[in-house]
Amino acid sequence: MNPIWDNIFKQNPREKTIDQAIKKNIMFDELSNAGLKFVRSIVHIRTYAAGEKVFLQGEVGAGMYIIAKGKVDILSEKLDPATGESQSQLVAQLTENDFFGEIALVIDDGRRSATAVAVEETDLIGFFKSDLYEIIDRSPAIGVKILWGVTRVLGRRLTETTAIIQKIHKENAR
Amino acid sequence: MSNQRIRILQRRQLLFLLVSIAILIFVVLSVPNLFLSMVFGLTGYYLLAPAADYLERRGLNRAIATLIPFTLVAFLIIFGLVVLIPKLTTQIAAFQKQLPEMSLAIEGLFHKFQAKLQSIAPAAVLDVSTDHIKNLLSGWGQGIFEKLPEHLSNSLTVLFLSPLLVLYFLMDGRKFIRNLLRMVPNSFFELALDLQHQLGFQFGGFIRARLLETVILTIALWIGFFAIDFPYALLLAILGAVLNLIPYLGPLISAVPAFILALVQGGDSTVLLQLTFIYVGSQVFDAVVLVPFLVGRIVNLHPLIVILSIMVGAQAMGILGMVISIPLASAIKVISQALYTHLTEIRQGSG
C-alpha cells in the first residue's frame with residue numbers, strides 16, 4: 001500500500017458506508033459503477049436521532065429507506081378498544097443494509113402498514129417515487145435495471161406472504 | 001433522545017428553513033429587476049428542460065445537454081427578432097404618424113357621442129376638445145420619453161440576467177433544490193419532496209401550455225386580421241395573444257385598440273362586425289379547444305378563485321401580478337391541500 005495514493009483516494013467513512021449500502025442493496029445490484037454513482041447523486045441521506053419516527057402507520061408513503069448506519073424498529077400500532085389508546089407491537093428490528101417501505105415505490109397514495117422508529121442515531125438512504133421517475137426520465141437503462149430490482153423484491157415478498165398464508169391454512173385445517 | 005428534545009430539534013430546523021425561504025423571497029422581491037428576471041428565468045428553464053433532459057437521456061453530459069438547446073433557442077430568438085423587429089418598427093412608426101389624425105377622429109367620435117347623450121339627457125356635458133386630447137397624448141408621449149432611460153436600463157438588466165438564470169437553473173437547479181430539501185426536518189421531508197415534485201410538474205406544464213396557447217392564438221389572430229386586410233395585423237395579433245395571458249380582462253383590453261382604429265378610420269359596420277367575429281371567434285377557439293386541451297388539465301381552479309387571484313395579483317404587482325396569479329394560486333392550492341392531508345394524518349397517527 002502506498003500511503004500517498006491511499007491519502008489521495010481516501011473516502012470519508014460515512015460516504016463509504018453509504019456507497020456500500022447502495023451497492024449491496026438488491027434493487028441496485030445490477031448497476032455498473034457509473035450507474036451506482038448516478039443513483040448516489042439522486043438519493044437522499046437523512047440522519048435520525050434515537051427515538052425519532054421515520055414514518056407513521058397510516059401515512060401516505062413516498063418511498064423506501066435503506067439503513068446505512070444504525071437500527072430501526074418496525075412497529076405495528078393497534079387501537080385498544082378498552083382504553084382507546086394506541087398500542088405498539090414490535091414486528092421487526094432492522095439493522096445496517098436492511099431496507100423498508102419499498103411498497104410505496106409502486107403504489108399510488110399507498111398507506112404505511114407500520115410505524116418505523118430509529119433505535120439509535122441512524123443514517124438512512126431515502127429512495128422515493130419521484131427519484132425513481134427522475135432516474136427513468138434521465139437514464140432509462142438504469143431505470144429499467146432498478147425496476148427489475150423492485151420486481152425481484154416484490155416477487156420475493158409475494159412468495160413469503162404466500163408461504164405464510166399456506167401455513168395458516170394448514171394450521172386451521174388441523 | 002426524548003420525544004420532547006426531538007420535537008424541539010425539528011421545530012428549530014423548521015424555523016431555520018422558513019427563515020431561509022423568507023430571506024430568499026425578500027431578496028428576490030427587493031433587488032430591482034430580480035423578480036422579473038426570475039420569472040423569465042424559470043419560464044426559460046421549464047421550456048428548455050425537456051430538451052436538455054432528452055439529450056441527457058441520449059448519453060450527453062448535463063452541461064452539453066443544456067448548452068445545445070440554450071444556444072439553439074438563443075439563435076432562434078435573435079433570428080426572430082431580426083425578422084420581426086423591422087416589421088414591428090414599420091407598424092409602430094406608421095401608428096405614430098397616424099396619432100394626430102387619430103386625436104381629431106377621437107374628438108369627432110366624442111362630439112357625436114355627446115350630441116347623442118344630450119338628446120337623451122340634456123344636462124349631461126362631456127368636455128372633450130382637441131387640446132384636451134392632444135395634452136393627453138403628448139403627456140403619455142412625454143412620460144414614455146422621460147422614463148425611457150430607466151425602462152431601457154431595467155430591460156437590459158433583465159435581458160442579461162434572465163439567460164444566466166436559465167443556464168443556472170438548467171445546470172444546477174436540481175442541486176439547489178436538493179440543498180434546500182436537506183434543510184427540511186425529517187417529519188416534513190417526504191411531504192416536501194412530494195410537493196417539490198408536484199409543483200415542478202405543475203409549473204412546467206402550465207408554462208409550456210400557455211406559451212403554446214399564445215403562439216397558436218397569435219397565428220389565428222394574424223390570419224383573421226390578414227383575411228380582412230386590417231392594418232397593424234402583426235402588432236394587434238401579438239397584443240391580443242399576449243394580453244390573453246391575463247384571464248377575462250386581457251382579451252377585452254386587447255380588443256380596444258383595434259376597435260378604436262376601426263372607428264377612427266371611419267370603419268363601417270362591416271369592419272366592426274368582422275373585428276367582433278375575429279375576437280369572439282378567437283376567444284371561443286381558446287375556451288373550447290386550447291384551454292381544455294392544454295391548460296385546463298394542469299390548473300383546476302374555480303372561476304371565482306381565478307378572478308380573486310387576478311385581483312390580488314393586479315393590486316400587488318400590476319400586469320405581471322395578473323399573469324402570474326393563476327400558477328401561484330394553483331401552487332398555493334396544492335401546498336395547502338398537501339399540508340392539510342399531512343397534518344390530519346399526523347393527528348390520526350398520534351390519536
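Helices and strands are here DSSP runs, a helix having at least four residues and a strand at least two, numbered from the N terminus. On that basis chain B of this predicted model has 10 helices and zero strands. Chain A, by contrast, comprises five helices and eight strands.

The description begins with chain A. Read from the N terminus, its elements follow the order α-α-α-β-β-β-β-β-β-β-β-α-α. Along the principal axes, the C-alpha atoms of chain A fill a box of roughly 65 × 35 × 30 Å. Chain A has 174 residues, of which 32% count as buried. If contacts in chain A are restricted to residues at least 6 apart in sequence, 78% of them join residues at least 24 apart.

Part of the strand content of chain A is organised as an open sheet, in which four strands take the order β1-β8-β3-β6 with antiparallel pairing. Within this order, β1 (44-48) and β6 (99-100) of chain A stand at the edges; each has a single partner strand, so one side of each is left without a neighbour in the sheet. The pairing of β3(A) with β8(A), the strand of residues 122-128, consists of six bridges, and the two strands run antiparallel. At the level of individual residues, Met64(A) is placed opposite Phe127(A) of β8(A). A helix also lies across this part of chain A: α2(A), residues 13-24, crosses β1, β3 and β8 and runs at about 130 degrees to β3(A).

The nonpolar interior can be followed from the same strands. The largest nonpolar core has 39 residues, and those with the most contacts inside it are Val54(A), Ile66(A), Val72(A) and Ile125(A). Strand β3(A), residues 63-69, gives the most to this core, with five residues. What does Ile125(A) touch, not counting residues up to four places away in sequence? Its partners are Ile18(A), Ala21(A), Ile22(A), Val43(A), Ile45(A), Tyr65(A), Ile66(A) and Ala68(A). A second, separate core has 22 residues and includes Leu217(B), Leu275(B), Ile278(B) and Tyr279(B).

That second core leads to chain B, whose elements from the N terminus on are α-α-α-α-α-α-α-α-α-α. Of the 351 residues of chain B, 18% count as buried. For contacts in chain B between residues at least 6 apart in sequence, the share that joins residues at least 24 apart is 66%.

Helix α6(B) offers a check on helical geometry. At 1.5 Å a residue, its 42 residues should span 62 Å, and the end C-alpha atoms are 62 Å apart, which agrees. The buried residues of α6(B) include Asn186(B), Ser187(B), Glu190(B), Leu191(B) and Leu193(B), as well as Arg210(B), Glu213(B), Leu217(B) and Leu221(B). An α-helix has 3.6 residues a turn, so residues three or four places apart point the same way. After α6(B) comes Asp229(B), with a positive phi near 60 degrees.

Helix α8(B) may be examined in the same manner. It covers residues 249-264, has 16 residues and reaches 23 Å from its first C-alpha to its last, close to the 22 Å expected at 1.5 Å a residue. Buried in α8(B) are Gly250(B), Pro251(B), Ser254(B), Ala255(B), Ala258(B), Leu261(B) and Ala262(B). These buried residues pack against α7 (233-243) and α9 (269-295) of chain B. Gly266(B), which follows α8(B), has a positive phi near 70 degrees.

A residue of another helix illustrates the exposed class. Thr71(B) belongs to α3(B), the helix of residues 62-120. Is Thr71(B) buried or exposed? A residue is exposed if 12 or fewer other C-beta atoms lie within 10 Å of its own; Thr71(B) has 10 other C-beta atoms within 10 Å and is therefore exposed. Thr71(B) and Leu236(B) are 165 residues apart along the chain, and their C-alpha atoms are separated by 30 Å.

Finally, the two chains meet in a contact that takes 17 residues from chain B and 19 residues from chain A. On the side of chain B that touches chain A, the elements giving two or more residues are α1 (3-30), α2 (34-57), α6 (186-227) and α10 (303-350) of chain B. Which element gives the most to this side of chain B? It is α6(B), with six residues. By residue class, the side of chain B that touches chain A divides into six nonpolar, five polar and six charged residues.

Terms used
Residues numbered from 1 in each chain as written. Chains lettered and ligands numbered in written order. Predicted model: local features only at pLDDT ≥ 70, side-chain atom pairs only at ≥ 80, totals over all residues. Contact = placed C-beta atoms within 7 Å. Nonpolar A, V, L, I, M, F, W, Y, C, P; charged D, E, K, R; others polar. Buried ≥ 20, exposed ≤ 12 C-beta atoms within 10 Å, placed from the backbone. Core = buried A, V, L, I, M, F, W, Y, C linked by C-beta atoms within 7 Å. Pairing = 2+ DSSP bridges. Axes fitted to C-alpha atoms, helices over the stretch in contact; angles between N-to-C directions. Expected span 1.5 Å × (residues − 1).
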